[in-house]
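Q: Please take a close look at a single part of the structure shown here. A formal account that sets this part in its surroundings would be most useful.

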Amino acid sequence: MDSRKTRDVLLDAAKRQFIRNGYDVVSMMDIAQESGLSRRTLYSYFGSKADVYKAAIERETSIVIEKLKTIIADDSPVEIRILDFVNGRFAIIKDMVDHNGTLKSFFFKNSWNLEHFRKDYDRQERQMLVDMIVDGVNRKVFDVSNVNLAADMIQNCIRGFEYPYIKGILWKSASREEIRLQFGKIVYAIVGYDDKNRK
């Protein structure tokens with residue numbers, strides 16, 4: 001088995017263990033046994049359980065990043081793309097959390113690890129927001145004097161709504177379309193987009 005396949009086997013085994021038993025209970029021995037490989041092999045790829053967990057989360061969140069890159073690569077006007085990005089981001093992550101115990105644990109049980117492990121994801125997400133805002137400013141669609149501040153504000157709004165969105169709390173009294181429209185108002189206010197002609 002080549003190096004990449006071996007690493008994937010180990011991460012798949014770790015993911016199954018984390019889903020079944022939770023991060024705190026799982027040991028490196030558990031992961032090795034689940035994978036059918038030796039503990040020595042596991043340690044040749046990962047120095048600790050935290051390293052395995054970080055790699056498992058990074059592998060999952062890289063899928064989110066790739067899907068978001070597809071959204072921003074669309075030919076739609078930037079004012080549509082930025083909303084598609086925000087709403088698509090919620091939908092993608094909710095779907096992954098709903099179908100993936102590793103991410104469920106990641107988002108809801110390990111709040112310190114959430115900050116620690118998602119730094120690279122947050123950095124990439126923020127850069128995508130910056131790129132869209134700059135594009136909107138260059139096209140004279142957005143009126144933003146501080147692009148970095150605008151990107152930070154949007155990203156922090158997204159993060160603030162993350163938990164209630166994923167848990168379904170937000171749409172107990174509103175449809176997803178209503179939520180999309182309200183998010184649009186927040187985003188457009190931050191980027192200085194006048195959407196009075198938007199339907």
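Which description applies to Tyr 163, buried, partly exposed or exposed, and at what relative accessibility?

A: Tyr 163 counts as partly exposed, because its relative accessibility is 45%; a residue is buried under 20% and exposed over 50%. The model is predicted, and every value below is computed from it.

The position is best read from the fold inwards. The protein consists of ten helices and has zero strands, so that its pattern along the sequence is α-α-α-α-α-α-α-α-α-α under the DSSP assignment. Of its 199 residues, 43% are buried. Tyr 163 belongs to helix α9, which covers residues 147–166. In sequence, Tyr 163 is separated from Phe 90 by 73 residues, yet the C-alpha atoms of the two are 9.9 Å apart in space.

Phe 90 leads to an enclosed space. Two cavities of 30 Å³ or more are counted, and the second largest holds about 50 Å³. Phe 90 is one of the residues lining the second largest cavity, together with Val 86, Ile 154, Cys 157, Ile 158, Phe 161, Phe 183, Ile 186 and Val 187. Three helices, α5 (78–98), α9 and α10 (176–191), each supply at least two residues of this lining. The greatest share comes from α9, the helix of Tyr 163, with four residues. In terms of residue class, the lining of the second largest cavity comprises nine nonpolar residues, with no polar and no charged ones.

Helix α9 also takes part in the nonpolar packing. The largest nonpolar core contains 34 residues, and Ile 82, Ile 133, Ile 154 and Val 191 have the most contacts inside it. At least two residues of this core come from each of α4, α5, α8, α9 and α10. The main contributor to this core is α5, with ten residues. Ile 154 thus appears both in the cavity lining and among the residues with the most contacts inside the core.

A charged pair also joins α5 and α9. Arg 89 and Glu 162 form a side-chain salt bridge, with N and O at 2.7 Å. Since Arg 89 is in helix α5 and Glu 162 in helix α9, the pair ties together parts that are 73 residues apart in sequence. Both partners, Arg 89 and Glu 162, are buried, whereas Tyr 163 is partly exposed.

The Arg 89–Glu 162 pair is one of 16 salt bridges counted in the model. Another joins the side chains of Arg 20 and Glu 34, at 2.3 Å from N to O. This pair likewise links distant parts of the chain, with Arg 20 in helix α1 and Glu 34 in helix α2 (residues 28–35), 14 residues apart. Arg 20 is partly exposed, because its relative accessibility is 49%, and Glu 34 is partly exposed as well, because its relative accessible area is 24%.

Within a single helix, Asp 8 forms a salt bridge with Arg 4, where the closest N and O atoms are 3.6 Å apart. Both residues of that pair lie in helix α1 (residues 3–21), four residues apart, which is about one turn of the helix. Asp 8 has a relative accessible area of 23% and therefore counts as partly exposed.

Two further residues give points of comparison for the accessibility of Tyr 163. Thr 61, in helix α4 (residues 49–72), counts as buried because its relative accessibility is 13%. The side chain of Thr 61 reaches the backbone oxygen of Glu 58 at 3.3 Å. Lys 140, by contrast, counts as exposed because its relative accessibility is 76%. Lys 140 is placed in the loop between α8 (119–138) and α9, and its phi is near 60 degrees, a positive value in a residue other than glycine.

To return to the request, Tyr 163 is a partly exposed residue of helix α9. The same helix supplies four residues to the lining of the second largest cavity and at least two to the largest nonpolar core, and it carries Glu 162, the partner of Arg 89.

Key: Residues numbered from 1 in each chain as written. Predicted model: local features only at pLDDT ≥ 70, side-chain atom pairs only at ≥ 80, totals over all residues. Heavy atoms only, no water. Buried < 20%, exposed > 50% of the residue type's maximum accessible area, 1.4 Å probe, protein only. Polar contact = N/O pair within 3.5 Å; in protein donor to acceptor, adjacent residues only side chain to side chain. 1 Å grid on protein atoms, 1.4 Å probe; cavity = no way out; pocket = protein on both sides within 12 Å on 5 of 7 lines; lining within 4 Å. Points joined across faces, edges and corners; volume = space filled by probe spheres on them. Nonpolar A, V, L, I, M, F, W, Y, C, P; charged D, E, K, R; others polar. Salt bridge = Lys/Arg side-chain N within 4 Å of Asp/Glu carboxyl O. Core = buried A, V, L, I, M, F, W, Y, C linked by side-chain atoms within 4.5 Å.
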